[in-house]
Amino acid sequence: MSAHDLLYVVPKSTPPKVVRGEGVYLYTDDNKKILDGTGGAAVSSLGYGNHEVIDSMKTQAEKLCYVHNMSFTNEPAEELAHMLVSKNPDVFARAYFANSGSEAVESALKFVLQYWQLRGQPERCHFVSRKQSYHGNTLFALGIGKMVPRRTPYINVYPKVTSYVDPCYTYRYQKEGETDEQYVYRLEKQLEDEFLVVGPNRIAAFIAETVPGTCLGCTTAVDGYFKAVRRVCDKYDIILILDEVMCGLGRTGTYHAWEQEGIAPDIQTNAKTLAAGYQPISSVLIGHRIFKAFEESNVQMANFHTYQAHPLACSAAVQVQKIVRRDKLVERAAETGKYLGEKLHQTFDSHPHVGDVRGKGLFWGLEFVNDKKTKQWFDPQLKVAALVSKLGIKNGLFLNPGSGTYDGVHGDHIMVAPPYVITKEEVNSLISILSKSIDEAIASLPN
Ligand code: PMP
C-alpha cells in the first residue's frame, strides 16, 4: 500500500504530488511546472513562497505559536482585528477568528441565533438561503447551503430551519427580453414572498455569497440586486449575512465584494485570501447592530474553538494583509482582472461550447454547454469541467472545476481565480493553455 492510499478513503485516481510552490507556479515531485490558475480554491493571493510572510511567521513562531484564547489575548490577533474592523468602522464593530470558512459561517449563524435570543425573539431561528449556494462543510453550514452532492448523505439530520430562493444567475434564469430591473424585481418579490410565507417574525437571517464561487462559478449579480435584498431584509428586520469566504478581501477588485453593490451586511465571513494559504484562518466581521445586543446584555458569544485567534495564523494574516495594502494588490487585482476578463471574452465568447463567460476582478467562471443556442448542457456523466481541469494539469495549468444539477438544470464550469500577483504575460499563458485544454476535452468526448 502506498502512502497515497492512506490519504484517501476510496482513491478515484492518483493526483500529482506537489512538493514546492513559487510565485504563481506549483512544482510536482516529477518536476512538472503547473500555473495555479485558481490559486488553490481562490486562496492564494500572493502566490507561493512569499518570504516576507514566511519570515514573519518564523518570527512569530519563535515568540508564541499558541495561546488559549478564552483566558488570554495575543498581539497578532489584536492587530488583525484592528486592521479588519478599522477598514470599515461604520459597518463592523468586532472580529472573530476561526480556522476555516465553514467554521466562520457556522459561527456567524450561531452569533445571529444568539443575537435574537438576546433580543427576546428566540423564535427567529429560520434561515433563508439561495439555491446553488455553498456555505461550507460542517453540518449546519452544509444544511444552510444547497450543494447537493456534498449535503445529500446527511439529509436526514439537517435542522428544518432553512428555505431557499433563486440566486441571481442571469445566464440560466433571466428570461428572454427581461430587463435587469424586471429581473431584480422578480427576485425581490420572490424573496419577500418567502419571508411572508415563513413569517418574518420567525426569520433570523438571509444568507448569500456576494459573488458565488463553488456551485455557480462566479455569477455576478445584476445592478440593483443586492440593494433589493437589503431593502427587503430591512423591511422585515431580518439580518443580512454575506458570505465572502471566497470572493472577499480583494478577489473581485474591491476589498469587500459588497462595496460594489452599494450596500453593507450586518455580519460577514471571510477566509481564503485572509492568510492566502500560509496558515488556515477565517474571520467573522460582526456589525454594530449585532454587537450592540451582546454589549447591552453584557453576554459573551457562546461559540468557542480551541484554535480560535491562533497567534501564528493571525500573524500570517496580518503580514498578508499588510502586503496587500502596501503593494496595492486590490487595485492590481482589479486592473489585471480587467485584462483577464477581456482576454477570456475575446477567446471564448465565440467558442461553440463555452456558453457563458462571467466574473469580475480576478474571479471568473466559464460555463460549458453542448449546444450554445439552446444552452443545453453536456451529459453530466461526461464531467466536462473536471475533464478540462484534468487536461489543464497535464498541459501545465490548474483550474478548479465545479458542476451540479439543481432543479433539473445542470451547470458545468471552471473557475479562473489566479493570485493577485499574476502578470499579464502569465495571464496570456493561462488563456492559451486553457484554450488548448478545452479543445482537447471536447475532442475527446464520444460523438
Ligand atoms: N463559504 C464559501 C462561500 C466558500 O466558497 C467556502 C469554500 N469553498 C466555504 C464557505 C467553506 O470554507 P472551507 O472549505 O474553508 O471550510
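Four strands make up an open sheet in the order S11-S12-S15-S14, and their pairing is antiparallel, where strands (E, at least two residues) and helices (H or I, at least four residues) are DSSP runs numbered from the N terminus, and two strands pair if DSSP finds at least two bridges between them. The model described here is predicted: local features need pLDDT of at least 70, side-chain atom pairs count only at pLDDT 80 or more, and totals for chains, interfaces and linings use all residues. Residues are numbered from 1 along each chain as its sequence is written.

At the edges of this four-stranded sheet lie strand S11 (354-360) and strand S14 (400-406), each of which pairs on one side only. Neighbouring strands of the sheet are turned against each other by 25 degrees on average, direction ignored, with axes taken as lines fitted to C-alpha atoms (for helices over the stretch in contact) and angles running from 0 to 180 degrees between N-to-C directions. S14 and strand S15 (residues 409-416) run antiparallel and are joined by seven bridges; threonine 405 has histidine 410 in S15 as its bridge partner. Helix H13 (residues 329-348) packs on the sheet and touches S11, strand S12 (363-368) and S15, its direction making about 170 degrees with that of S11. Helix H14 (residues 384-395) also packs on the sheet, touching S12, S14 and S15, and its direction makes about 175 degrees with that of S14. Contact here requires that the C-beta atoms of two residues, placed from the backbone, lie within 7 Å.

A further open sheet has seven strands in the order S4-S10-S9-S8-S7-S5-S6, with mixed pairing. Strand S4 (92-98) and strand S6 (162-165) are the edge strands, each pairing on one side only, and the twist from one strand to the next averages 20 degrees. S4 and strand S10 (residues 282-287) run antiparallel and share six bridges, and in this pair alanine 98 is bridged to serine 282 of S10.

Several loop residues lie next to strands of the seven-stranded sheet along the chain. Aspartate 90 is located in the loop between helix H4 (75-87) and S4. Aspartate 90 counts as exposed because it has 8 C-beta neighbours inside 10 Å; a residue is called exposed if 12 or fewer other C-beta atoms lie within 10 Å of its own, buried if 20 or more do, and partly exposed in between, with C-beta atoms placed from the backbone. The C-alpha atom of aspartate 90 is separated by 8.5 Å from that of glycine 287, although the two residues are 197 apart along the chain.

Most residues other than glycine have a negative phi. Leucine 249, in the loop between strand S8 (239-244) and strand S9 (267-270), nevertheless has a positive phi of about 55 degrees, and this residue is buried because 29 other C-beta atoms lie within 10 Å. Alanine 276, in the loop between S9 and S10, likewise takes a positive phi, near 55 degrees, and counts as buried because it has 28 C-beta neighbours inside 10 Å.

Two hairpins involve strands S1, S2 and S3, and the table sets out their pairing.

| Strand pair | Sense and bridges | Bridge partners | Residues between strands | Positive phi |
|---|---|---|---|---|
| S1 (residues 18-22) and S2 (residues 25-28) | antiparallel, four bridges | glutamate 22 and tyrosine 25 | two residues | glycine 23, near 60 degrees |
| S2 and S3 (residues 33-36) | antiparallel, three bridges | leucine 26 and isoleucine 34 | four residues | asparagine 31, near 65 degrees |

The domain assignment, which is automatic or taken from a database, gives domain 1 (53-327) and domain 2 (328-444). The C-alpha centres of the two domains lie 26 Å apart, and 26 residues of domain 1 are in contact with 27 residues of domain 2. Helix H7 (148-151) and helix H8 (170-173) each supply at least two residues of the side of domain 1 that touches domain 2. That side divides into 11 nonpolar, 10 polar and five charged residues, where Ala, Val, Leu, Ile, Met, Phe, Trp, Tyr, Cys and Pro count as nonpolar, Asp, Glu, Lys and Arg as charged, and the others, Gly among them, as polar.

Around the ligand there are 16 residues, of which Gly101, Ser102, Gly136, Val245 and Met246 come nearest; a residue is near a molecule if its C-beta atom, placed from the backbone, lies within 6 Å of it. Helix H5 (residues 101-118) gives the most to this shell, with three residues. By class, the shell has six nonpolar, eight polar and two charged residues.
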